[in-house]
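Here is a small set of exercises to work through with the model open in your viewer. Try each task yourself before reading its solution.

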There are 2 protein chains.
Amino acid sequence: MGSLYPHYEEENYSFNTANLLNPEEFRRQGHMIIDFIADYYQNMEKYPVLSQVQPDYLAQLLPKSTPNIPEPIETILHDIQQYIIPGITHWQSPNYFAYFPSSGSIAGFLGEVLSTGFNVVGFNWISSPAATELEFVTMDWLGQMLGLPQSFLFSGTGGGVIQGTTCEAILCTLVAARDQMLAKVGRENMGKLVIYGSDQTHCALLKAAKVAGLECKNFRAIKTMRSTAFQLSAESLRTTIRLDVEAGLIPAFLCATIGTTSTTAVDPIRSLSEVTKEYGMWIHVDAAYAGSACICPEYRHFIDGAENVNSFSFNAHKWFFTTLDCCCLWVKDPGALTKSLSASAEFLKNNASDSKQVVDYKDWQITLSRRFRSMKLWLVLRSYGVENLRNFLRSHVKMAKRFQQLVESDNRFEVVVPRNFAMVSFRVLPTTLKKEPNGCKSESGNICK
Amino acid sequence: MGSLYPHYEEENYSFNTANLLNPEEFRRQGHMIIDFIADYYQNMEKYPVLSQVQPDYLAQLLPKSTPNIPEPIETILHDIQQYIIPGITHWQSPNYFAYFPSSGSIAGFLGEVLSTGFNVVGFNWISSPAATELEFVTMDWLGQMLGLPQSFLFSGTGGGVIQGTTCEAILCTLVAARDQMLAKVGRENMGKLVIYGSDQTHCALLKAAKVAGLECKNFRAIKTMRSTAFQLSAESLRTTIRLDVEAGLIPAFLCATIGTTSTTAVDPIRSLSEVTKEYGMWIHVDAAYAGSACICPEYRHFIDGAENVNSFSFNAHKWFFTTLDCCCLWVKDPGALTKSLSASAEFLKNNASDSKQVVDYKDWQITLSRRFRSMKLWLVLRSYGVENLRNFLRSHVKMAKRFQQLVESDNRFEVVVPRNFAMVSFRVLPTTLKKEPNGCKSESGNICK
């Protein structure tokens, strides 16, 4: 114990904050929490998947201010059961089908808990070398599984970093691309930079462009069509860019998507990258949902051409059994990121950073402080192994195929676009709705509206 | 269980991913992890606080690629003990004195674990009403404890949001301030906006300005002096602003700090806000470290004048017993944030959002997805209560006072600036270093260099 503690005790302080992590009390309460969560998983199917509460329900149930005196964990857990769980939409339920899959796993959970236990703030190498080094080891492992070229790996000339979400990955790469282009054309031309995506690209791109100070009027959501499965075509991109260049604007950034949010459309990276190359633009691949599937050899073709892009990201918290948040971003030129995002201060100086032999991830992201996120990803990779992980993903795709067959064999419904991964876009046919204006009754008696 | 499962089982899928959260296996492994972390806390003082590893140590110890087959949790925990813990700099150690205090607590840990267990992605209200509502209840509780005026609370006309870190809080408010000013002066004037801080302001401000596309040449780190305890004076600010305005520039944003990183200097909010008001600028208060102390009536005066600022943030993960990350940000005009940061898409539409009766926190921050961070803050508030929380902070300050006395009573050292909170800025006197060029030997025989 530190040398200050004898004085501390001598003076009879009534509150010893060292006790806030008292191991025996930690053990007692920690086991209670594990049992609470295990019971929650056991009872999950008893709850309605979508929370049924009304707006402002909780403020009515809770006190108006912080209690003055401590409350025991038993009371708090009772309140969580009574007041919080009814307000949860159960993302981990096997019956949850909104947004993206509920892909929590024991390994992902344990990894998050371990990193919470260590509670290190790994902004630079010295602040906890293991946090940085496990991240670059894990990102290289995962990059290899995806068949990313050496130019994206630390063992090659690039590198990977774990961001919180795709929004951050897009913002970081967009800022790097913006500054790279402005270094060529002059900062006074910022208002001329143009950002490209398709009308299926996630709204994260427009938001990132706004945050980065780029002009909304220079944002292009290029039209896609159902007949070509909502893919962004290289021709449309080229046509749009030409018009912009003729108007004196400067094409700067394209975000291509592998597995769009609405229909899991796949933009053709190889042909798009041929266009961006001509204009010296940055091309980022947002594979937030579908990237994980590309660890299976039979789906790897969806990211063919990845060797030609500048950056590539996917969310391990979406469909890779890792709890929120865990967005894996690889870049070919880490220097482009760090040129835009590095921060320095007297209080951050240390020999390891000065030696330039270490990675300081604070310079690869928006924030300075960062959690030890690689722990959960490493636990997922080791606890399941490559073969199982592939098979988990395949089993999801197989379920989706089976569901697709069911939809296709029922003439009240139609599948809207071809299924690529584990999501089926389908609808009730307008003709069915006309016939059965109050909804269609399925054979098993369920009503779908 | 969902209606798809019978088919699933019929077809003899070899991998049932539902098992990835099997409650009994979860319980077994969960209890192991709690014991592992409890043992880590128990043994913490056996480890050197600062990790002693050399750069690239971990890559040498770990395999070059992901294992093909699963590895048991026992093996992984063994490796964490052998390979990871030596690479940890122990932020939770009672002997850790770098950067900011290691203020983890059992309640903070449990809250984080619960939110990991629920693993909800609370971007909007409907995605888990409890996650949103507990956040605004908790932020109001905490705002009251700080004596923030009603204009910052949901129960008044403002509101609070939990960001990851201060970097995000500054970036969000800076972007809102930028857009608010550009709406007045025209977007073509973006290159004229000026951002102000002191030479003691955290590097997060410059980084945020760069990300937001503002000009580095329009960034003012106003000089402070030791004789005035490194405070930013209203006069210096006014002088600097006047010069900028004369040069045709547009003052847009001031970041004032309560408890700077290097010396815990306190900028005088009231007098600074009188200056910013004259120019219609946004003033943000970064109380990252010292904000928590202001829940004690005797320290509340440090944020006098808070009613005049636009936004106020402090990190509960710094000195408020909450694990990383948990930055509490209050704003007077939530509309200013959401005008700049809202994102919409077909797949996000829902009746609750359309009704405008709910808060959708995705529009208050950089990212769309967000963790259920209020859970840990709520647990900290309830588990300890207002009186204990105040006393914990007071006990830290008391320890610092005692340390200060020890330093002051030793003529080889000096205290550099007056102590405000629980940090003492001191140095070995240059004269001591001259006398004892190999370091000074203290009476107890410790060498300090």
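This is a predicted model, and the first exercise starts where its two chains meet.

**Exercise 1. Polar and charged pairs across the interface**

Task: Find how many residue pairs are in polar contact across the interface of chain B and chain A, and how many salt bridges there are between the two chains.

Solution:
- Step 1. Across the interface of chain B and chain A, 61 residue pairs are in polar contact, counting pairs with both residues at pLDDT 80 or more.
- Step 2. Ask which helix supplies the largest share of the side of chain B that touches chain A. That is helix α14 of chain B, residues 374-408, with 20 residues.
- Step 3. Sort that side of chain B by class: 87 residues are nonpolar, 46 are polar and 27 are charged.
- Step 4. Turn to the salt bridges, of which there are 12 between chain B and chain A.
- Step 5. Pick one to inspect: A:Asp35 pairs with B:Arg27, and their closest N and O atoms are 3.1 Å apart. The cut-off for a salt bridge is 4 Å, so this pair qualifies.

**Exercise 2. The extent of the contact**

Task: Work out how many residues each chain brings to the contact, and how much area is buried between them.

Solution:
- Step 1. Count the residues: chain A brings 160 and chain B brings 160.
- Step 2. Take the area: about 15000 Å² is buried between chain B and chain A, and 67% of it lies on carbon and sulfur atoms.
- Step 3. Look for the leading trio on chain B. B:Leu20, B:Phe26 and B:Arg382 supply 5% of the area that chain B buries against chain A, more than any other three residues.

**Exercise 3. A salt bridge inside chain A**

Task: Locate the salt-bridge partner of A:Arg28 and explain which parts of chain A the pair ties together.

Solution:
- Step 1. Begin with the total, which is 53 salt bridges over all chains.
- Step 2. Among them, A:Arg28 bonds with A:Glu74, with the closest N and O atoms 3.3 Å apart.
- Step 3. Place both residues: A:Arg28 sits in helix α2 (residues 23-43) of chain A and A:Glu74 in helix α4 (residues 73-84) of chain A, so the pair ties together parts 46 residues apart in sequence.

**Exercise 4. The sheet of chain A**

Task: Trace the strand order of the open sheet in chain A, then find the helices that pack on the sheet.

Solution:
- Step 1. Read across the 7 strands: β1-β7-β6-β5-β4-β2-β3, with mixed pairing.
- Step 2. Check the edges. β1 (159-163) and β3 (219-222) of chain A each pair on one side only.
- Step 3. Add the twist: neighbouring strands are turned by 20 degrees against each other on average, direction ignored.
- Step 4. Zoom in on one pair. Strands β6 (residues 311-315) and β7 (residues 327-331) of chain A run antiparallel and are joined by 5 bridges. Here A:Asn315 stands opposite A:Cys327.
- Step 5. Find helix α6 (residues 129-145) of chain A, which packs on the sheet and touches β1, β6 and β7 of chain A. Its direction makes about 80 degrees with that of β7(A).
- Step 6. Find helix α10 (residues 269-278) of chain A, which touches β4 (250-257) and β5 (282-286) of chain A and makes about 160 degrees with the direction of β5(A).

**Exercise 5. Backbone details**

Task: Identify where the peptide bond from A:Leu324 to A:Asp325 lies and whether it is cis or trans, then look at the phi of A:Phe230.

Solution:
- Step 1. The bond from A:Leu324 to A:Asp325 is cis, with omega near 0 degrees. A:Asp325 belongs to the loop between α11 (316-319) and β7 of chain A.
- Step 2. In chain B, a cis peptide bond joins B:Leu324 and B:Asp325, with omega about 0 degrees.
- Step 3. A:Phe230 is not a glycine, yet its phi is positive, about 60 degrees. A:Phe230 lies in the loop between β3 and α9 (234-246) of chain A.

How values were computed:
Residues are numbered from 1 along each chain as its sequence is written. Chains are lettered from A and ligands numbered from 1 in the order in which they are written. This is a predicted model: local features need pLDDT of at least 70, side-chain atom pairs count only at pLDDT 80 or more; totals for chains, interfaces and linings use all residues. Side-chain values use heavy atoms; hydrogens and water are left out. Two strands pair if DSSP finds at least two bridges between them. Helices (H or I, at least four residues) and strands (E, at least two) are DSSP runs, numbered from the N terminus. Axes are lines fitted to C-alpha atoms, for helices over the stretch in contact, and angles run from 0 to 180 degrees between N-to-C directions. Contact means heavy atoms within 4.5 Å. Buried area is the accessible area (1.4 Å probe) that two parts lose on being put together, summed over both. A salt bridge is a side-chain nitrogen of Lys or Arg within 4 Å of a carboxyl oxygen of Asp or Glu. A polar contact is a pair of N or O atoms within 3.5 Å; within protein, one must be able to donate a hydrogen and the other to accept it, and residues adjacent in sequence count only if both atoms are side-chain atoms. Ala, Val, Leu, Ile, Met, Phe, Trp, Tyr, Cys and Pro count as nonpolar, Asp, Glu, Lys and Arg as charged, and the others, Gly among them, as polar.
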